[in-house]
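The following exercises concern helix geometry, burial and salt bridges. Please work through each task before reading its solution.

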Amino acid sequence: MAQSILQIKSRLLREYYKDFSKYAKGKLPEKKVAWVTAFVPVEILEALDISYYYPESYAAVIAASGAEQPLLEESEARCLSCDCCSYSCCIEGCLEQEKGPRGVPPKPDVLIATNNQCNTLPTWWNILAERYQVPLIVLDYPGETADRQLAYEYVTKQHRELIAELEKLSGNRLDPSVLAELIANSERSVAEWKQVAACLPEYEIKPTILFDDISFLITSRCKTETAELYRLMNEEIRQMPAAGKDKIPVFWLGYPLWYHPDRFLSELLEDYRIVGSNYVTWWSLNYSGQDVFEKLFQAYNFTFLNLAQATRNERLAQLIGESKAVCAVTLHNKSCKCDFVSAKNIAIPQAEIEIDMIDRTFVDMEKARRQLEILKDAICIG
Amino acid sequence: MKLLALSGLIPEQICDIVRFTGYPGERSVAHYCGYAEDYISMVKQDDTVDGAVFPKSCDSCRIMGSYLEDCGKFLYQLNIPARQDELAVDFLAAELEQYQAAVERRFGAVGSIAERVEAVNARNREIRGVYENLANISYREYLEAVHDMLTKPLFEQTVKKDLPEKKASGKRVYLVGSFLSGTELAGVIEDCGMTVVGDNLPESGRLAAMPEADPGGELYREIAACVLRGRLSPTQDNFRQILSADMEEIERKQVNGVIFVTQKYCEPYDYLFSVYQKMLGQKGIAVTKLTLSDSADVRKAGLTLEAFADVI
């Protein structure tokens with residue numbers, strides 16, 4: 001069974017990376033290429049047989065391979081402030097040097113960015129548009145605070161327009177039944193992933209596995225194999241021993257630390273056990289609706305970071321309650337203001353750590369250690 | 001009613017707003033734009049402020065409501081589209097109608113929008129007249145007068161035209177940035193022997209270039225088009241339009257150098273700078289970047305500007 005999980009992962013990764021650097025020397029790809037941000041409705045691109053790549057995810061891979069520092073320096077030398085999102089700094093360095101652990105993604109024919117996660121991404125993508133001189137399509141998702149009907153009409157018109165533009169680019173015609181099937185694949189992937197994520201408080205597993213393997217939900221959510229991968233993972237995890245009760249249950253509120261071998265501050269958390277994480281729920285998109293356009297609207301307009309603060313409060317309270325965490329490590333992430341404020345109203349004690357998910361030099365480990373000791377004291381006294 | 005508006009993206013044609021110009025208070029949120037933080041502080045602490053209206057256009061504004069939610073004042077966040085096509089104009093027009101309704105529910109009728117449209121058109125025409133003569137007047141006094149004007153209700157605003165004349169130097173500079181709270185910076189630039197001949201500041205160059213809305217047309221669409229079709233902010237995700245408009249003006253006015261002013265932790269301007277300086281480099285035009293830590297920080301700028309004046 002473990003072999004099957006490995007086989008599926010290998011196949012998905014091979015498929016995703018097969019063209020990295022292959023076309024650097026001028027050979028044209030067989031398919032049109034889009035670069036996308038993490039919450040683009042990629043079901044549309046898949047249905048039109050367009051290849052798509054995620055620079056943000058690749059920045060995480062670069063940091064995980066330990067190669068981020070020279071790229072961050074390169075980016076700063078090219079006048080991009082190091083205060084900017086470090087995903088963007090890392091990728092700018094990678095593109096400038098044309099160097100990365102798996103090469104560089106094929107050059108884009110089109111760039112597609114959304115603001116349903118943050119406003120920084122579409123702004124960053126303007127730089128990419130200048131670099132490659134290709135069209136930039138920004139999909140504008142007003143989120144939960146806008147009037148629902150108004151937002152639905154606006155977003156749906158944008159989705160229809162996106163389809164028309166990508167049909168023109170790819171020369172392919174969108175088959176609505178194929179799009180419906182791809183959305184169904186995404187729904188199945190999300191459903192199976194939720195089962196996997198639910199194992200974290202119950203079984204003796206490290207969050208590392210979830211932080212790493214959610215990448216398939218990001219880059220391959222509408223592919224058939226993804227749901228099967230998560231179904232097998234769920235089966236495997238549920239045969240593991242139940243979680244021990246000897247450590248302090250803590251909620252990890254923020255991004256994984258991509259540069260860290262465990263993706264969290266394991267060396268400072270020996271007395272703690274991570275039982276929950278908001279990050280691993282972000283791509284659990286809700287594709288409910290009567291037709292493909294309503295499903296896409298529902299999924300991509302109401303992403304977690306596009307919800308009103310009150311709804312985020314409710315969601316987080318529910319997640320924390322289900323995890324049975326008694327405290328939280330909240331990352332005050334230099335690269336993501338939006339995520340940090342999600343933690344504003346949580347009711348359990350928290351250690352708020354200044355950190356970055358890509359730049360390993362940003363954190364003050366001694367300060368973090370002291371903060372976690374204080375947190376432990378607060379819980380024990382409480 | 002005193003509604004404090006954070007940004008030039010909040011249209012003045014719907015109801016009276018007071019433009020936020022700066023606040024010298026304490027700040028507490030790390031890695032957060034100092035300008036946004038000052039705004040939050042002022043909304044919370046200034047008893048004369050009845051409410052806050054701000055756009056959802058950058059990450060600092062996006063989450064502003066979360067910091068203000070307990071202040072008990074009127075709060076409204078406008079979804080400023082991240083695109084400028086007809087779809088976006090329609091969407092923003094509908095948003096503006098809802099914004100007006102929310103203001104009226106809280107504060108009563110806002111009055112004639114058509115009259116406000118005419119007043120904004122007329123005022124901007126006057127600003128344009130002064131702006132076109134920037135090279136021959138004191139830029140600092142011009143900016144101070146504009147800031148003072150924007151803190152008044154629309155129908156009480158008058159554009160100061162009798163500004164002291166100033167002989168233009170051969171060092172012609174163009175100023176890029178967001179709202180310049182610290183007008184002393186303009187004085188420092190002039191003290192260093194440079195003449196500001198143009199800018200793309202929201203309170204100056206962008207107001208001067210704002211298209212006129214037709215008071216007899218579909219008002220909300222007309223106003224939305226003003227927000228989306230004028231000189232843009234980098235938060236509106238269309239660098240090409242900004243670069244094209246700015247470079248045209250820079251070349252037309254034979255600018256020798258560009259002073260690019262950003263707030264610390266203001267990513268949109270940081271991203272814009274990375275392409276802006278490249279483009280200026282290709283044209284052989286010098287550029288310097290000043291990063292201010294908050295809405296009143298001009299202390300460190302003097303030395304940098306002196307050196308820059310020597311370069312150009």
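A residue is called buried under 20% relative accessible area, exposed over 50%, and partly exposed in between (1.4 Å probe, protein chains only). The model is predicted: local features need pLDDT of at least 70, side-chain atom pairs count only at pLDDT 80 or more, and totals for chains, interfaces and linings use all residues. Residues are numbered from 1 along each chain as its sequence is written, chains are lettered from A and ligands numbered from 1 in the order in which they are written, and side-chain values use heavy atoms, without hydrogens and water.

**Exercise 1.** Determine whether Glu92(A) is buried or exposed, and identify the salt bridge that it forms with Arg131(A).

Solution. Step one: Glu92(A) has 8% relative accessibility and therefore counts as buried. Step two: a salt bridge requires a side-chain nitrogen of Lys or Arg within 4 Å of a carboxyl oxygen of Asp or Glu. The closest N and O atoms of Arg131(A) and Glu92(A) are 3.0 Å apart. Step three: Arg131(A) belongs to helix α6 (residues 120-132) of chain A and Glu92(A) to helix α5 (residues 86-97) of chain A, so the bridge ties together parts 39 residues apart in sequence. Helices are DSSP runs (H or I, at least four residues), as are strands (E, at least two), numbered from the N terminus. Step four: Arg131(A), at 28%, is partly exposed. Both residues belong to a salt-bridge network with Glu74(A), Arg78(A) and Glu96(A).

**Exercise 2.** Which chains does the salt bridge between Arg240(B) and Glu130(A) join?

Solution. Step one: the N to O distance of this salt bridge is 3.2 Å. Step two: Arg240(B) lies in helix α10 (residues 239-252) of chain B and Glu130(A) in helix α6 of chain A, so two chains are joined. Step three: Arg240(B) is partly exposed at 33%, whereas Glu130(A) is buried at 15%.

**Exercise 3.** Check the length of helix α8 (residues 176-197) of chain A.

Solution. Step one: the expected span is 1.5 Å times one less than the number of residues. Step two: for the 22 residues of α8(A) this gives 32 Å, which agrees with the 31 Å between its end C-alpha atoms. Step three: the buried residues of α8(A) include Leu182(A), Ser186(A), Val190(A) and Trp193(A). Among the elements covering the buried residues of α8(A), by contact (heavy atoms within 4.5 Å), are α9 (207-213) and α11 (224-237) of chain A.
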